[in-house]
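Q: Got a minute to go through this one with me? I'd like to start with the interface and then move to the aromatics.

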Amino acid sequence: MPHITSNPAQVLEKLLRDDPGRLLSVVIRAVGDFDLAEEVLQEAAASALKAWAEKGVPENPAGWLVATARNRAIDRFRKSVRERTKLEEAAHLSETFAAPQEIEDVPEIPDERLRLIFTCCHPALAADAQIALTLRTLGGLTTPEIAHAFLVPEPTMGQRLVRAKAKIKKAQIPYEIPSADKLGERIGGVITVLYLIFNEGYIAAAGKDLMRLSLTGEAIRLARLLVDQLPAEPEAKGLLALMLFHEARNKSRVGPDGALLLLDEQDRSLWDRSLIVEANKLLEQAIEAQNAGPFQLQAAIAGLHANAPTPQLTDWRRISDCYDHLHELTPTSVVALNRVAAHAMARGPEAGLMLLDAVEGLDHYHLYHSTRGDLLRRTARLEEAKAAYEAALDCVTNDIERAFLERRLANVVAHLGKSGNS
Amino acid sequence: MQYIFMICDDENQQLGPGDPGFEEVMAGYAAFGEMVEKLGIMRMGARLQPTATATCVRVRDGETLTTDGSFAETKEQFGGFYVLDCKDLAQAVELAAQIPTAKGGTVEVRPFFEMG
């Protein structure tokens with residue numbers, strides 16, 4: 001029974017907006033080509049408006065769109081076969097489109113978004129191309145929107161997408177979910193891409209740039225998709241939990257003057273409890289798998305912060321344990337420094353300084369010097385702290401972080417003045 | 001002795017259909033192919049997709065690392081090859097000089113490592 005009463009434009013809008021990539025993922029599977037799929041789906045959407053206005057919205061509008069897009073692709077193939085009269089093309093045609101039944105008759109069209117996400121995040125594509133392609137196909141963002149969000153010129157982003165799609169086609173990157181033995185390795189790549197998207201939006205949170213802000217929302221939506229589709233993967237749940245813990249604190253991260261606030265300076269009443277509760281649940285489920293990965297550990301750390309009613313009640317012992325574990329898995333400079341800071345909170349600044357002395361090769365990194373400055377300040381070695389903050393200011397590039405370091409330095413200098421006068 | 005003839009040029013400057021000189025180059029390759037077939041020394045030959053379609057694979061600590069793009073960023077890129085069975089390097093060089101891309105580009109000739 002057609003939905004005569006439904007507004008065709010609204011139905012169409014809902015289908016294309018609510019689940020970006022849902023229909024595209026199916027059409028790509030059917031026609032075997034990203035560009036062709038995008039084009040024929042667009043054509044199908046255009047003809048839907050006309051057809052549905054005349055005859056009413058069909059019972060299965062999604063199936064109608066997919067079938068129409070597929071038929072458009074068949075028309076194009078036939079045309080090109082007629083033009084080139086190549087036997088192999090004809091063979092390809094019947095192979096690709098020999099469907100046992102019409103898609104329109106299938107009550108539920110299949111969901112191929114997991115194939116799509118693994119293809120977009122294939123390691124044979126450059127990292128920036130993986131991000132762009134994921135946002136373009138699954139995020140439903142336009143090329144100008146993605147260019148804007150990543151602060152690159154539109155033609156550059158367009159070129160990046162064209163090149164990525166050409167590589168998928170020419171090098172024949174398969175449109176598939178990796179086999180079980182490769183899944184563990186590949187899911188890490190997908191998770192990294194989603195987290196990079198999230199981070200890009202998170203870093204921009206102090207700005208007024210809504211397009212950049214919406215990246216966190218996109219990343220969370222895609223992480224939810226990943227959790228839905230791969231419920232047995234604890235790292236996917238860890239990723240989503242981590243994003244939600246961060247997102248919960250979004251309103252409290254920046255002070256009225258636009259300065260970045262530390263965790264212990266934030267107004268905890270602004271934290272979104274419902275997101276924290278959801279993240280707690282996800283993390284509990286993830287931990288049941290007994291296979292702690294970097295994202296679960298980072299989520300656990302963010303969770304210990306998010307669940308502490310006051311800064312003083314933060315469980316720094318457990319946080320430092322998590323950092324020890326995380327540092328074994330991913331010994332990066334950021335993790336090394338955060339581990340130092342956590343140990344300093346759990347066992348005192350001297351313990352932190354001892355650990356920090358063992359960290360090598362981060363002289364050019366502002367967080368190394370600012371961590372050092374914080375610990376020295378807390379052991380009342382103010383002259384040394386001052387020098388450390390100055391060194392940090394020499395390396396810092398981000399304006400908000402610079403302002404923060406300048407405040408710290410001014411604070412130490414003021415204390416130095418006082419102790420000098422007494 | 002088998003030699004590989006690695007054909008390199010600047011892929012951004014390559015001629016396409018409609019460009020002046022393109023037909024000549026294509027005719028040159030057709031003639032070269034015919035000649036080596038006739039000589040009975042043609043083992044294999046192919047033109048490659050541009051380096052943008054390349055993927056590098058490395059295994060480190062048991063983990064497979066995959067990266068986009070070509071191994072080396074060079075002015076000229078490896079874009080096609082022949083494997084020809086030549087009498088000696090003199091013949092190989094003589095043949096290499098007749099590959100159309102040798103004009104303007106570079107043909108690297110290398111003997112196979114033959115077991116024996």
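**Interface and aromatic pairs**

A: This is a predicted model. To start at the interface, A:Arg163 and B:Asp68 meet through their side chains in a salt bridge, 3.1 Å from N to O.

Q: How many salt bridges are there between chain A and chain B?

A: The count is two. There are also four residue pairs in polar contact between chain A and chain B, both residues at pLDDT 80 or more.

Q: Which helix gives the largest share of the side of chain A that touches chain B?

A: Helix H9 of chain A, residues 154-170, with three residues. By class, that side of chain A has five nonpolar and four charged residues, and no polar ones.

Q: And what area is buried between the two chains?

A: About 820 Å², with carbon and sulfur atoms giving 52%. A:Arg163, A:Lys167 and A:Lys170 supply 54% of what chain A buries against chain B, more than any other three residues.

Q: Switching to aromatics. How many pairs over all chains?

A: Six. One of them is A:Trp52 with A:Trp64, edge-to-face, at 5.4 Å centre to centre and 70° between the planes. A:Trp52 sits in helix H3 and A:Trp64 in helix H4 of chain A, twelve residues apart.

Q: Is A:Trp64 buried or exposed?

A: Buried, because its relative accessible area is 16% and the cut-off is under 20%. A:Trp52 is buried too, at 2%.

Q: Which residues form the aromatic cluster with A:Tyr195?

A: A:Phe198, A:Tyr202 and A:Phe295. Both A:Tyr195 and A:Phe295 are buried.

Notes
Residues are numbered from 1 along each chain as its sequence is written. Chains are lettered from A and ligands numbered from 1 in the order in which they are written. Side-chain values use heavy atoms; hydrogens and water are left out. Buried area is the accessible area (1.4 Å probe) that two parts lose on being put together, summed over both. A salt bridge is a side-chain nitrogen of Lys or Arg within 4 Å of a carboxyl oxygen of Asp or Glu. A polar contact is a pair of N or O atoms within 3.5 Å; within protein, one must be able to donate a hydrogen and the other to accept it, and residues adjacent in sequence count only if both atoms are side-chain atoms. Helices (H or I, at least four residues) and strands (E, at least two) are DSSP runs, numbered from the N terminus. Ala, Val, Leu, Ile, Met, Phe, Trp, Tyr, Cys and Pro count as nonpolar, Asp, Glu, Lys and Arg as charged, and the others, Gly among them, as polar. Rings of Phe, Tyr and Trp (its six-membered ring) pair if their centres lie within 6.5 Å; planes under 30 degrees apart count as stacked, over 60 as edge-to-face and the rest as tilted. Buried means under 20% relative accessible area, exposed over 50%, partly exposed in between (1.4 Å probe, protein chains only).
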